[in-house]
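Biologist: I should like to request a close look at a single part of this structure. Please begin with one residue, and then proceed from there to the surrounding features in one connected account.

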Amino acid sequence: MDVFTLSEALRRQQAAGGPWVELLSVPDLSVGLYVLAAGADDLQQPHTEDEVYVILAGRGRFTTVAETRDCGPGDVIFVPALVPHRFHDITDELCVVVVFGPAEGSRAR
C-alpha cells in the first residue's frame with residue numbers, strides 16, 4: 001500500500017519547482033498533484049490517456065472543446081484522452097489531484 005498525505009504531496013510538488021508532481025505510477029494508472037496559482041496559465045496539452053481531476057482547493061474555470069464550467073473544491077472532472085482542455089480564470093490557488101488511466105504517457109510510447 002502507498003499512502004500520500006496532502007502535506008507530503010504539496011512538499012514534493014514545491015520541491016519539483018513546477019505545478020505538477022507525479023506521486024505514483026503503475027502500468028494501469030498514475031496519480032499526481034497539480035497546483036496552479038491564482039492568475040496562472042494552464043499550459044497543458046491534450047494527453048493520450050483518460051484523466052480524472054479532483055479539486056481539493058481553489059476556484060477557477062475549466063474548459064473543454066464542448067463546454068466551460070466554474071470549478072471548485074469537491075468537483076470531479078473526467079476528460080477523455082486527446083480532448084483539449086485547460087483551467088483558466090483561476091481566482092484562488094487550485095490544488096488538484098490528477099489520475100491518469102492508464103499511466104500518463106503510456107499510450108504515447
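**A close look at one strand residue**

Modeller: Val54 is located in strand β3, where strands (DSSP runs of E, at least two residues) and helices (DSSP runs of H or I, at least four residues) are numbered from the N terminus. The model is a predicted one, in which local features need pLDDT of at least 70 and side-chain atom pairs count only at pLDDT 80 or more, while totals for chains, interfaces and linings use all residues. Residues are numbered from 1 along each chain as its sequence is written, and side-chain values use heavy atoms, with hydrogens and water left out.

Val54 has a relative accessible area of 27% and is therefore partly exposed; the scale calls a residue buried under 20%, exposed over 50% and partly exposed in between, with a 1.4 Å probe and protein chains only. Leaving aside residues up to four places away in sequence, Val54 is in contact with Asp75, Val76, Cys95, Val96 and Val97, contact meaning heavy atoms within 4.5 Å. Although Val54 and Val98 are 44 residues apart along the chain, their C-alpha atoms are separated by 6.5 Å.

The next residue to consider is Ile55. With residues up to four places away in sequence again not counted, Ile55 touches Cys71, Gly72, Pro73, Gly74, Asp75, Ile77, Phe87, Leu94, Cys95 and Val96. Ile55 also belongs to the largest nonpolar core, which has 14 residues. Such a core is a set of buried Ala, Val, Leu, Ile, Met, Phe, Trp, Tyr and Cys residues joined through side-chain atoms within 4.5 Å. Tyr53, Ile55, Phe62, Ile77, Phe87, Leu94 and Val96 are the residues that touch the most other members. Two or more residues each come from β2 (29–36), β3 (50–64), β5 (76–79) and β6 (85–101), and β6 makes the largest contribution, with six residues. Apart from this core lies another, of six residues, including Ala9, Val21, Leu23 and Val35. In soluble globular proteins, nonpolar side chains tend to be buried together.

Some backbone features also deserve attention. Asp89, in strand β6, has phi near 50°, a positive value in a residue other than glycine. Leu82, in the loop between β5 and β6, likewise has a positive phi, near 70°. At a relative accessible area of 58%, Leu82 is exposed. In the segment after β6 lies Pro102, and the peptide bond leading to Pro102 from Gly101 is cis, with omega near -10°.

Finally, there is the matter of charged pairs. Searching the whole structure gives two salt bridges, a term that requires a side-chain nitrogen of Lys or Arg within 4 Å of a carboxyl oxygen of Asp or Glu. One joins Asp70 and Arg61, whose closest N and O atoms are 2.7 Å apart. Asp70 is exposed, at 54% relative accessibility, whereas Arg61 is partly exposed at 28%. The other joins Glu8 and Arg11, with 2.8 Å between the closest N and O atoms. Because Glu8 and Arg11 are three residues apart in helix α1 (residues 6–16), about one helical turn separates them. Glu8 is partly exposed at 28% relative accessibility, and Arg11 is partly exposed at 47%.
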